[in-house]
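User: Could you take a close look at one part of this model for me? I would like to follow how one chain is built and how it meets its neighbour.

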Amino acid sequence: MHYHEIKDYFSEQVFPAHPNEWEYEDVLRNIEKLEEAQQFTLLQAVPAVWPVSQSLCHSVLEEGVRHAGDFTSQDLAEWLRQVLFHYETGGLVSARAFMEQADPNSVSAEFKETGAMLADQLPRLTAFAKGISGFELRLQQAEQIYTDTETIYLPEKMALFSDSNLNLLFYKLLITLQCGFISLGTLGRYLFYQQQDHSGNNGQQQPDGRIFLETYADQRLALDIYQLVELGRTTMFLKQQYPGLLRRTTPLIAELLRTRPEKNGEKNILLERCLASALLAQAPAPGIGLFPATAEETPGAVATFYRLIEQTDGDYEPLCFLPFMDAFNLGEAKQVFENRVADTRKRFETSLGDLLSGCKTSPDETSAAADNSESVDSARIQLNGSTDKNSSDEHSQQLVIDNTSIQLPDTIRDLIRAIQNDLGSLPRSYVSAAFGISGGGRNSGEGEQESGCLIDDQCAHYDEWDYRRQGYRKDWCSLRERKLLGVQSDFVPLTLKKYRGQLKKIKRQFELMHTQERFARRRRSGDDIDLDALIDSLGDQCAGLPPSENLFIQLIRDQRSITTLFLVDMSNSTEGWIGTSIKEALLLLCEAIEMVGDDYGIYGFSGMRRMRSEIYSIKELKERYDDQVKSRLAAIGPKEYTRMGPPIRHMINYFRNIDTRTRLLIILSDGKPEDYDDYKHEYAIEDTRKALAEARGEGIQPYCITIDKEAHDYLEHLFGRGNYTFVPNVELLPARLTEVYRLLTR
Amino acid sequence: MEKLYQQRIEEHRITEEPFYLPQANEVEVALAAYGNQLPILLKGPTGCGKTRFMQYLAWKLERPLITVSCHDDLSTSDLIGRYLVKKNEAVWVDGPLTLAVRHGAICYLDEIVEARKDTTVVIHPLGDDRRQLPIEKLGEILTAPPTFMLGVSYNPGYQSVVKDLKASTRQRFVSLAFDYPQTALEEQIVQKEGGVDSELAAKLVKLALMTRELKDSGLAEGASTRLLIQAALLHRSGIAIENACRAGIIESLTDDPQLIAAIKDMTEALF
């Protein structure tokens, strides 16, 4: 192709945008020099990159020319995927750096046959990690393999072995090992010094903030030994739990061990020998003793081992455990541990505080500090028996004040379990702090200065549920309806293009729902005779009964009588990827529902404080799905906070005028309800829950789709079992949303 | 000739004790409901033992058990009965529900939400204190003897809202919630029913627990106890355990290739 043809082709690809010609002239001139097949291959990248970033597109074309000779079109696709990954995780700088030093091996066909890419296997491995660990773990690409107990970091690609299945198997082993570290508490509380709880909680020990390895003279050696000991403990555990995995991976480990460089010095040789036995889940070398069985025994084992190494001759060099796997990242694990401890503490204190305020009957008890301290002295949380989640003994945990026991709700018992898991026991200070909260130390927010909303005719007022008083705050919130102004952008065509394959499938599925035909038996008229009915009728006739006249089978089309309102969270927490995916999902959904012809409306909500809740109308119920609506869909963007109660109640109001048989309220949100004022935590959850209950009371089916990194325990409490779905991976949202709608209304 | 049409009640009697391990107090509650002539509603995920529980209950009460699997073409005459013509003569044939009422048996309507709502209203007068079954065509009102019991089941999991149970139906029942049995219990069940050793049973249950973790990640429901037993039986008949899990559990759970791969990985890790 000549320059002009290339230019025209390029403009076609980026339409409707019109980039200045001079900005791309140099790049396109370079492309002219390539062979025609290469030109096409490279220009095919434009539609994928252009919508992401125009600067990136420029760089991709520039670098693409440089690499053109090395790439087949398959390689290019792989290369592009990696470029985009780098752009999305590290920005333009990272993407450019990658392009400059792109490892030809990583995109070569040879690698594709034998290597495993994390990105390709991510959904499978994420599901695997969840099954193995029993909780939501993120997998993320990084240079090194480690975990901070919430995310497992893994290398982008694995090409250690000659077969892609073996490389994938090695990924699985690495994930299982990290899951093992997490569930065995390697990176949990035993990492820290245990100190006596000063508030005297039955002489229980609690971790203080210092990692116990800090006392060793050679900290790196101590860390290596700690990891070695824990590795051994973990593989022993895995051998028991997942014998199949270990059996399959043992040859891989043996192979890796065989190719390790020879070590000099007795210290290193000893360490190396122990590493081999730890990896192979065998008993360690003589003289070291066994790997510990529990986390409590680890510090002792580390001390013994450390002394042994110290007494051995030779120099020590830091151990490399496995390819990509050096030492633990204790810093990050500690950070996550501390954040979690602080977060659980806060949640526990608030929940218990709220419970206590609810329990107090006489007003005298609530205020005076002296009373509080007295109550603290006489109050204790009695923990009997098992704290096991599956334990059927529900009476094992009680709060005892002045010898009166109060049954703890599930949420608090779960929190206690989490605290015990992290700290070993429930510190007394937590309980005293909760008493402080219940004594009125917390700002209730009632007398707050409100700003913003003027109360006028357009405002609707809604009650809000205050679970502490078990009653409504009358006309507490004001909600104003606003029209979302549409924007002109290429969002709609791009999204439709991006999902065109999926959309075709979804549309077909929805079409089927629309034209759902069934044979109705026993009809007065119809397409065929209903033999069953006829025989019945003959029988009746013989018996002297008036025979039925409904003797036909009719092919009828089921009339769907469904109205759905979608309520979309437009709080600022949805900024970024989540926001875009929500928009895309809604667009696909509109396209799909149009095929069925159900009535539906879409509303966004946000706001700040109780006097300024806002509802943005994106598509009114009776509005046609046209360009106006599409431009408003494109305009959905993050606003302020998530006060969920008022918008739900507003939707209930809408539904009051609708008399279809099935009325669905689908809420799309990215997490907890929360506002700027005291609309948080339990208060917010309870109000939202109440609003949803009100909806059910009106015959509306609420259903929530939550997009979050991990499923929270409160979701079931909030929405009710089976009334929500949780989408951990936002990219799945477009597919999930349409699927949920289809399943709910089929 | 007549017996060709009319089912015999004796065929529904359960003579051997069905294997059932109680999860909680469901047996006592159901017996108390029976004693007070109250109908029961069993709810829970698929394959967790609802039908087996009914069999066990029927055996314990020494009553015949008549099971009807509901579907959306089920008509009222399918439940109550109809006239059939025999040699120019009309012969009344009782439907399963009438049969159960007449003989004071237990009638169990499995997956009741699958039946159309206008069909299920016939159980309303039976379900409350009237305990009557009007048979329009015979001009007869049957009153259920004290030994008659009505049981229905449904799975509240991933249900279409269009197919929910009507409140007027639901509120006639004593409800028993079922879930997958606790780990130790489930192991025992798999061991006994699947005829495998305790180690293998424990591993199968572990696999089930792992799949149940995936409930929010794309699986509509995790592996049921029934699937575990199925895999165990396949294995006992000589199928290698991984293939038994694949055919007996994984492929029955999902069609999603990524999830199939992930569960296969878990199986491989376990066995």
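**A close look at chain B**

Analyst: Happy to. Buried residues make up 44% of the 271 residues in chain B. Please keep in mind that this is a predicted model. Chain B holds 13 helices and nine strands. If you take the contacts in chain B with a separation of 6 or more, 71% of them link residues that are 24 or more positions apart.

Let us start inside the chain, with strand β1 of chain B, which covers residues 40–43. Its side chains alternate: I40(B) and L42(B) point one way, while L41(B) and K43(B) point the other way. All four of these residues are buried, the lysine K43(B) included.

Strand β1(B) has pairing partners as well. It runs parallel to strand β8 of chain B (residues 149–154), and four bridges join the two. Within that pairing, I40(B) stands opposite G151(B). Four bridges also join β1(B) to strand β9 of chain B (residues 174–177), again in a parallel arrangement. There, L42(B) has L176(B) as its bridge partner. I40(B) and L42(B), which point one way from β1(B), thus each give us a handle on a pairing: I40(B) on the one with β8(B), and L42(B) on the one with β9(B).

Now to the meeting with chain A. In total, 36 residues of chain A are in contact with 35 residues of chain B. On the chain A side, the elements that give two or more residues are α9 (118–133), α10 (164–183), α12, α22 (531–542), β19 (662–669) and α28 (733–745). Helix α9(A) provides the largest share of that side, with seven residues. Sorted by class, the chain A side has 17 nonpolar, 11 polar and eight charged residues.

One helix pair in this interface deserves a closer view. Two packed helices are described by the angle between their axes and the distance between the axes. For helix α12 of chain A (residues 243–258) and helix α13 of chain B (residues 257–270), the axes come within 3 Å and cross at roughly 85 degrees. Angles of 65 to 115 degrees count as roughly perpendicular, so α12(A) is roughly perpendicular to α13(B). The residues that meet are G244(A), L245(A) and R248(A) from α12(A), and E268(B), A269(B) and L270(B) from α13(B). By class, the residues of this contact divide into three nonpolar, one polar and two charged.

Note on methods. Residues are numbered from 1 along each chain as its sequence is written. Chains are lettered from A and ligands numbered from 1 in the order in which they are written. This is a predicted model: local features need pLDDT of at least 70, side-chain atom pairs count only at pLDDT 80 or more; totals for chains, interfaces and linings use all residues. Axes are lines fitted to C-alpha atoms, for helices over the stretch in contact, and angles run from 0 to 180 degrees between N-to-C directions. Angles under 35 degrees count as roughly parallel, over 145 as roughly antiparallel, 65 to 115 as roughly perpendicular and the rest as oblique. Two residues are in contact if their C-beta atoms, placed from the backbone, lie within 7 Å. Ala, Val, Leu, Ile, Met, Phe, Trp, Tyr, Cys and Pro count as nonpolar, Asp, Glu, Lys and Arg as charged, and the others, Gly among them, as polar. A residue is buried if 20 or more other C-beta atoms lie within 10 Å of its own, exposed if 12 or fewer, and partly exposed in between; C-beta atoms are placed from the backbone. Two strands pair if DSSP finds at least two bridges between them.
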